Amino acid sequence: MRSAVDTSRETPFRCLSVDMSWSSSSNYLCISTSSSSSLISSNELARFNRLACESERHRGKCQDLNRPTNIFAYNSLKPPSFKFDKGQRRKDHVLKKPRNISAYYSLKPPSYKFDALEPYMSKRTLEVHWGKHHRGYVESLNKYLEKDDILYGYTLDELIRVTYNNGNPLPEFNAAAQVWNHDFFWESMQPGGGNLPILGLLQQIEKDFGSFSSFREEFIETALTLFGSGWVWLVLKRNEKRLAIATTTNAVTPLVWDDIPLLSLDMWEHAYYLDYKNDKARYANVFMDHLVSWNAALARIARAQAFVNLGEPKIPVA
Amino acid sequence: MALRTFATRKTLGALSRFPQQLRGLQTFTLPDLPYDYGALEPAISGDIMQLHHQKHHQTYITNYNKALEQLDDAIANGDASTAVKLQSAIKFNGGGHVNHSIFWKNLAPTKEGGGEPPHGSLGWAIDQSYGSVEKLIAKMNAEGAAVQGSGWVWLALDKELKRLVVETTANQDPLVTKGPSLVPLIGIDVWEHAYYLQYKNVRPDYLKNIWKVINWKYASEIYEKECP
């Protein structure tokens, strides 16, 4: 059975480095994650739960192991709200609120500031696209997962594949896939992006598309001829062992076909409407010229080569 | 579509003024709005109306004309595969033109009766099928908000079964793709371009407010024509 390891987003080290610390009010356990992975699957949360309760028990205060501690992911949507009564003495380890897990997946911010992509993608677009659309998808995914535990224990990639259900998607698919797609999209862009890819990626593009400019033309044309809402991808096709340009509608991602995406461009109207109104051509061109992060694509294809044999690189002989 | 008649070919020379009619191909032009761009404020802003009409609808028409010309050529050359390949472009752009033409007629400024609930046989039929206009509006808003990606939400009349249905279509698919006997009475565009500048991602607000400028009179006319 083919491994379902995510090759495109996470670092090779799957386990989180977490730093558990008691908040000052001691009612909440804050988990701060390292930058690599902010996606905490629920079985890990359950593990922290148990650890938290065990450490409480050691302090002799909490006898009830079945009530999980209130756990928040560090960069999740709702920061813990601390209400300090002036006269109240800090009562450590007395847990007043009903304890339950409040987030399964968290909203990861892009690794650049919102105004870092100006003037190509405005701060306002990022604020609305990330802060409202992406956040909305995360919240709705968490809401779906609260209902019952049948979908627990999956990484986000696995969740997408499972909920896609081979073409008959479950309602959670849209939310899960859009969370993943947007995370991937933010990482596919960088301030000062554009220009050309380098090294092996450029070689592979030239091999599969003829030249970089013909790839660029094909990518932009595909973006413009997409009907409705969707995404345009540069994927590495696993079976054919070559790069290709793929389009998907709405929330679908090449992950469901087991291909490895390297870059994506969001062609939903909300991605460009505030900046470019209906001028899709300008948006696609600006993306290629100024926003696309070839560094990210290079890292992804390097990782992908652990799973797809692309042959020997062409090393120029002196 | 291509009106390729023997007579057209014979009158080759006579109709030199209209080269399109020469080949029997009718092209489409952007219909004018019966109201100003800003007349639907504050439900829909003037900016959105202008962009929607002058840019989006115009693009659909331009591309539809182009696709029709290409289809015409393909048919003339007997090129079946190209003719079939163009079908998706025709469905998308032609559907966009058809849908938006209905949409402009579905809207009216409040001064000219926009938002006024339907009276007469349509009102009665709505009360019969849905209980009240408010309940119908709630149902349409719920379905409209649930559309993934781009699409339309319709109040349609099933001509054969003589009853009202609420349907959604994806992208620019015309209503007939959901049923050949469906006649659109009211269509609401839930593509993001229809509301994004004003409502950003809050589609439910857009759906709530658009009912203030919906032209029920037009819907009633269509209904009475089909169900006298």
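The accessible surface of chain A comes to about 15,500 Å², and 51% of that surface belongs to carbon and sulfur atoms. I should say at once that what we are looking at is a predicted model, and that every value I quote is computed from it. Of the 318 residues in chain A, 50% count as buried, and the secondary structure of the chain comes to nine helices and six strands. If we take the contacts in chain A with a separation of 6 or more, 70% of them are between residues 24 or more positions apart.

Let me turn to the helices of chain A, beginning with α2. Helix α2, residues 123-147, and helix α7, residues 269-276, have axes that come within 9 Å and cross at roughly 160°. With an angle over 145 degrees counting as roughly antiparallel, α2(A) and α7(A) are therefore roughly antiparallel to each other. The crossing in which α2(A) passes α7(A) is right-handed. On the α2(A) side the contact is made by A:Arg124, A:Thr125, A:Val128, A:His129, A:His133 and A:Tyr137, and on the α7(A) side by A:His270, A:Ala271, A:Leu274 and A:Asp275.

Helix α2(A) also meets α4(A), and here the axes come within 9 Å and cross at roughly 145°, in a crossing that is left-handed. The residues of α2(A) that take part include A:His129, A:Trp130, A:Tyr137, A:Leu141 and A:Tyr144, and those of α4(A) include A:Pro171, A:Ala175, A:Val179, A:His182 and A:Trp186. You may notice that A:His129 and A:Tyr137 appear in the contact with α7(A) and again in the contact with α4(A).

Next comes helix α8 of chain A, where A:Tyr283, A:Ala284, A:Val286, A:Phe287, A:Met288 and A:Leu291 are buried. What do the buried residues of α8(A) pack against? They pack against α4, α6, α7 and α9, and against strand β6, residues 260-266, all of chain A.

In that helix α8 we also find A:Lys280, which is partly exposed because its relative accessible area is 23%, and the cut-off for buried is under 20%. Leaving aside neighbours within four places in sequence, A:Lys280 is in contact with A:Ala223, A:Leu224, A:Leu226, A:Met267 and A:Tyr272. The C-alpha atoms of A:Lys280 and A:Phe227 are separated by 12 Å, and these two residues are 53 positions apart along the chain.

Now to the charged pairs. Side chains of opposite charge can pair when their charged atoms come close. Over all chains the count comes to eleven salt bridges, and I will go through three of them.

In the pair formed by A:Arg300 and A:Glu187, the closest N and O atoms are 3.5 Å apart. This pair links distant parts of the chain, with A:Arg300 in helix α9, residues 294-304, and A:Glu187 in helix α4, residues 171-187, the two being 113 residues apart. Are these partners buried or exposed? A:Arg300 counts as buried because its relative accessibility is 2%, whereas A:Glu187 is partly exposed at 22%. The same two residues belong, together with A:Lys108, to a network of salt bridges.

The second pair is A:Arg216 with A:Asp289, whose side chains meet in a salt bridge at 2.5 Å, N to O. Here too distant parts of the chain are linked, since A:Arg216 lies in helix α6, residues 212-224, and A:Asp289 in helix α8, residues 280-291, with their positions 73 residues apart. A:Asp289 is partly exposed, with a relative accessible area of 33%.

The third pair is in chain B, where B:Glu143 forms a salt bridge with B:Lys139 and the closest N and O atoms are 3.5 Å apart. Because B:Glu143 and B:Lys139 are four residues apart in helix α7, residues 133-146, they are separated by about one helical turn. B:Glu143, at 28% relative accessibility, is partly exposed, and B:Lys139 is likewise partly exposed, at 34%.

I will finish with B:Ile44, which sits in the loop between α2 (19-23) and α3 (46-76) of chain B. At 2% relative accessibility, B:Ile44 counts as buried. Not counting residues up to four places away in sequence, B:Ile44 touches B:Met49, B:Leu107, B:Gln198 and B:Ile210. From B:Ile44 to B:Gln198 the distance is 7.5 Å, C-alpha to C-alpha, although the two are 154 residues apart in sequence.

Methods. Residues are numbered from 1 along each chain as its sequence is written. Chains are lettered from A and ligands numbered from 1 in the order in which they are written. This is a predicted model: local features need pLDDT of at least 70, side-chain atom pairs count only at pLDDT 80 or more; totals for chains, interfaces and linings use all residues. Side-chain values use heavy atoms; hydrogens and water are left out. Buried means under 20% relative accessible area, exposed over 50%, partly exposed in between (1.4 Å probe, protein chains only). Contact means heavy atoms within 4.5 Å. Accessible areas come from the Shrake-Rupley method with a 1.4 Å probe; for residues, only the protein chains shown count as cover. A salt bridge is a side-chain nitrogen of Lys or Arg within 4 Å of a carboxyl oxygen of Asp or Glu. Axes are lines fitted to C-alpha atoms, for helices over the stretch in contact, and angles run from 0 to 180 degrees between N-to-C directions. Angles under 35 degrees count as roughly parallel, over 145 as roughly antiparallel, 65 to 115 as roughly perpendicular and the rest as oblique. A crossing is left-handed if the near helix is turned anticlockwise from the far one by less than a right angle, and right-handed if clockwise.
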